[in-house]
Amino acid sequence: MKTNLRFFIIITIIIVIIISTVFLYKIYNKSKTENNIISTTMFIPNQSLSVGTIVNFDTQIQDISNKIVNFKGKKVFIFANNRCGSCMYLNFPLVEWIKKFKEVDFYFFESSNQQPLIYSELKQESNFYTFVGGEYFNIFKNPATPTVFFIDENNKIVWKRTGFQISDYKEYEERIEEFSKGKYDFNDYQRNIGLGEIFPEIIYKYKDDVFLFPDDFKGEPTIIFFLFSSCKSCRNIIDLM
């Protein structure tokens, strides 16, 4: 009887130790994952070069097709990533716009070292240039993807926008058409907001409710996240909320 009781106690202790070890490991692993996300995710977003900035380019380089590039004339810069869902949406109308607006040169910058998916469709177009790697991302202060810049003949940024949804198609096309015809004075570009600046009012309508940010939260500390649903890192942030 004593032997059986002793055996039962030993087995119970072993089981408790195993369960405790597994439980503690899961807690540690979760904590480690969260710490990795927090330490590697830019909660203060990279805002890239602002409208009005004069960009300094190399006088002459080659793209991945060995086309000579001198960055003259009207330019549309597209910063993208093959793994970015919004970039994929933007690729479809880009094919159309590059073929339609020949007065503008389009420069496509892929953040990885992989050939962008849009390349094979447009590599023969004389106004389309492709680059891979992070060099120009660094020059433009690491814009989020996708980000589109309009740059005039004097290499001045006159318009920029980050993000793309199918519903944005008409607005993007109108802006590119205006730019191709020589318009450089836009009032709907995305502007940078620096630390210490007053946050602009944002009116958000959802069904019958209207929210005014940040006035609805005056007097209370407010955290606002700007996220893309197609972005894996953004989903990680949402999971932590």
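Start by selecting strand 3, residues 75-80. Helices and strands here are DSSP runs numbered from the N terminus, with at least four residues (H or I) for a helix and at least two (E) for a strand. In strand 3, 6 of the 6 residues are buried, so the strand is largely enclosed by the rest of the structure. Buried means under 20% relative accessible area, exposed means over 50%, and partly exposed is in between, using a 1.4 Å probe and protein chains only. Color the two faces separately: K75, F77 and F79 are on one side, V76, I78 and A80 on the other, and both faces are covered.

A quick note before you click on: this is a predicted model, where local features need pLDDT of at least 70 and side-chain atom pairs count only at pLDDT 80 or more, while totals for chains, interfaces and linings use all residues. Residues are numbered from 1 along each chain as its sequence is written, and side-chain values use heavy atoms, leaving out hydrogens and water.

Now for the neighbours of strand 3. Add strand 4 (105-110): it pairs with strand 3 in the parallel sense over 6 bridges. Two strands count as paired if DSSP finds at least two bridges between them. Click I78, and you'll find its bridge partner F108 in strand 4. Then show strand 6 (147-151), which pairs with strand 3 in the antiparallel sense over 5 bridges. Here I78 stands opposite V148.

Next, bring in helix 2 (85-100). Strand 3, helix 2 and strand 4 make a right-handed β-α-β unit. Right-handed means that, with the strands pointing away from you, the path from the first strand over the helix to the second runs clockwise.

Time to look at the core. Which residues touch the most other members of the largest nonpolar core? Select V76, I78, L94, W97, F106, V148 and F150, out of 26 residues. A nonpolar core is a set of buried Ala, Val, Leu, Ile, Met, Phe, Trp, Tyr and Cys residues joined through side-chain atoms within 4.5 Å. Helix 2 gives the largest share of this core, 6 residues. A second, separate core has 18 residues, including V69, F71, F77 and F140.

Zoom in on F106. Setting aside neighbours within four places in sequence, its contacts (heavy atoms within 4.5 Å) include V76, I78, L94, W97 and I176.

Move on to helix 5, residues 169-180. Helix 5 has 12 residues and reaches 16 Å from its first C-alpha to its last, close to the 16 Å expected at 1.5 Å a residue; the expected span is 1.5 Å times one less than the number of residues. Select its buried residues: Y172, E173, R175, I176, F179 and S180. Looking down the axis, they fall within an arc of 165 degrees, so they line one face of the helix. That arc is taken from the directions from the helix axis to the C-beta atoms.

Stay on R175 for a moment. At 16% relative accessibility, R175 counts as buried. Leaving aside neighbours within four places in sequence, R175 is in contact with F150, W159, F186 and D188.

Last stop: Y189, in the loop between helix 5 and strand 8 (202-206). Is Y189 buried or partly exposed? At 33% relative accessibility, Y189 counts as partly exposed. Its C-alpha is 5.2 Å from that of W159, though the two are 30 residues apart along the chain.
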